[in-house]
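Work through the exercises below with the sequence and the 3D view open. Try each task before reading its solution.

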Amino acid sequence: NAIQERAAKEDTALYWDFVNINATAYVPTESDAAIVFINALASEGYDRPSLRDDFSDALVTNIAAQHNNTIVVIHNAGIRLVDQWIENPNVTAVIFAHLPGQDSGAALTQLLYGDVNPSGKLPYTVAKNESDYGRILNPITDIGANGEFYRFPQDDFTEGVYIDYRAFDASNIEPRYEFGFGLSYTTFSLSNLKVACVSGSPSEYPTGQVVAGGQADLWDIVATATVSVTNTGSVAGQEVAQLYLSIPVEGQPIRQLRGFEKVMLQPNESTTVEFELNRKDMSVWDVAAQKWKLTLGTEYTFFVGNSSRALALNETLTL
């Protein structure tokens with residue numbers, strides 16, 4: 001209804017088909033664009049059987065074979081793979097629209113017509129294949145009909161902290177779309193990254209009084225990072241600057257997200273974004289001491305960019 005109302009205002013025509021949604025659906029080639037809506041359904045008491053489905057992929061492939069400006073909108077609960085059709089040159093855009101609410105149609109229409117500049121970032125990694133997720137995709141141990149945990153499913157969490165982008169980085173697996181990825185109708189650049197210790201010399205372990213969540217000084221600011229963000233395109237838009245930290249301790253992930261800030265910028269406008277890192281952000285859990293521990297005397301590396309794999313800037317800091 002929202003797209004139909006907008007089409008009427010634009011004095012254009014909208015054709016739709018909610019019946020013949022299969023691999024033989026027809027698209028008038030004189031149309032300016034073909035929009036395919038697909039779902040990845042999940043609900044309470046009903047989990048998704050896979051991260052893709054043949055029916056929807058066949059529909060997209062069929063429409064893209066008929067129209068050179070095919071836009072795919074996915075209403076998805078979590079990850080939905082796209083590699084069955086994403087490299088088709090006729091698929092010109094994909095919107096991960098997630099779970100639609102009552103204003104879903106109006107919001108999508110604003111994005112499709114360019115009234116609003118998209119600024120969302122993926123909160124998960126979209127892999128090329130289901131196998132790229134490894135055991136994380138199906139972590140339950142021995143749940144077969146005769147398995148030990150058939151009646152009592154068990155997850156041993158052997159992956160530790162290596163989930164999503166941390167696992168992909170550790171195994172050097174190239175994703176289709178990485179954690180934190182998202183396109184805009186404009187472009188941005190980041191520059192002039194500066195990192196600094198907050199005044200004073202922090203102790204190796206926290207010394208504060210125990211409060212809800214741990215010792216109080218776990219939330220003391222230990223370091224700061226600042227970066228300049230510039231809109232280098234021709235339209236106003238929002239960018240999400242992302243800070244990742246490499247902690248110099250064996251067994252830690254290559255990088256871990258430690259901050260993000262979204263800023264609105266006009267064309268050619270710049271602003272400075274500041275990230276504050278507290279003690280806990282820069283600590284690892286010491287099993288022997290049963291406390292969060294800072295790694296003093298060695299270099300932490302700060303990375304800043306606009307996704308977990310597009311980190312153009314980095315600086316080091318020694319506490």
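The exercises that follow deal with a predicted model.

**Exercise 1. The surroundings of T186**

Task: Find where T186 lies, decide whether T186 is buried or exposed, and list what T186 touches.

Solution.
Step 1. Locate the residue: T186 is in the loop that runs between α4 (165-171) and β4 (188-197).
Step 2. Compare its accessibility with the cut-off. Buried means under 20% relative accessible area. T186 has 8%, so T186 is buried.
Step 3. List the contacts. Leaving out residues up to four places away in sequence, T186 touches N117, N231, G233, S234, V235 and G237.
Step 4. Look at the polar atoms. A polar atom of the T186 side chain lies 3.3 Å from the backbone nitrogen of G233. A polar atom of that side chain also lies 3.4 Å from the backbone oxygen of V235.
Step 5. Set sequence distance beside spatial distance: T186 and S119 are 67 residues apart along the chain, while their C-alpha atoms are separated by 9.9 Å.

**Exercise 2. The nonpolar cores**

Task: Which residues have the most contacts inside the largest nonpolar core, and which elements give two or more residues to this core?

Solution.
Step 1. The largest nonpolar core has 27 residues, and those with the most contacts inside it are V227, V229, F275, M282, Y300 and F302.
Step 2. Two or more residues come from each of β4, β7 (221-231), β8 (237-246), β9 (256-265), β10 (270-278), β13 (299-305) and β14 (313-318).
Step 3. β7 supplies the largest share, five residues.
Step 4. A second, separate core has 26 residues, among them L81, V82, W85 and F168.
Step 5. Return to Y300 for a closer look. Beyond its neighbours within four places in sequence, the contacts of Y300 include M282, L294, L317 and L319.

**Exercise 3. Positive phi and accessibility**

Task: Where do D11 and N192 lie, and how accessible are D11 and N192?

Solution.
Step 1. D11 has a phi near 60°, a positive value in a residue other than glycine. N192 also has a phi near 60°.
Step 2. D11 is in the loop between α1 and β1, whereas N192 is in strand β4.
Step 3. Exposed means over 50% relative accessible area. D11 has 72%, so D11 is exposed. N192 has 47% and therefore counts as partly exposed.

**Exercise 4. A surface patch**

Task: Which residues form a nonpolar patch on the surface?

Solution.
Step 1. The patch consists of L14, W16, F18 and V19, which together have about 490 Å² of accessible area.
Step 2. L14 lies in the loop between α1 (2-9) and β1 (34-40).
Step 3. L14 has 32% relative accessibility, so L14 counts as partly exposed.

Notes:
Residues numbered from 1 in each chain as written. Predicted model: local features only at pLDDT ≥ 70, side-chain atom pairs only at ≥ 80, totals over all residues. Heavy atoms only, no water. Patch = residues over 30% accessible without salt bridge, like charges linked within 9 Å, V, L, I, M, F, W, Y side chains within 5 Å. Areas by Shrake-Rupley, 256 points an atom, 1.4 Å probe, with all protein chains shown as cover. Salt bridge = Lys/Arg side-chain N within 4 Å of Asp/Glu carboxyl O. Helix = DSSP H or I, 4+ residues; strand = E, 2+ residues; numbered from the N terminus. Buried < 20%, exposed > 50% of the residue type's maximum accessible area, 1.4 Å probe, protein only. Contact = heavy atoms within 4.5 Å. Polar contact = N/O pair within 3.5 Å; in protein donor to acceptor, adjacent residues only side chain to side chain. Core = buried A, V, L, I, M, F, W, Y, C linked by side-chain atoms within 4.5 Å.
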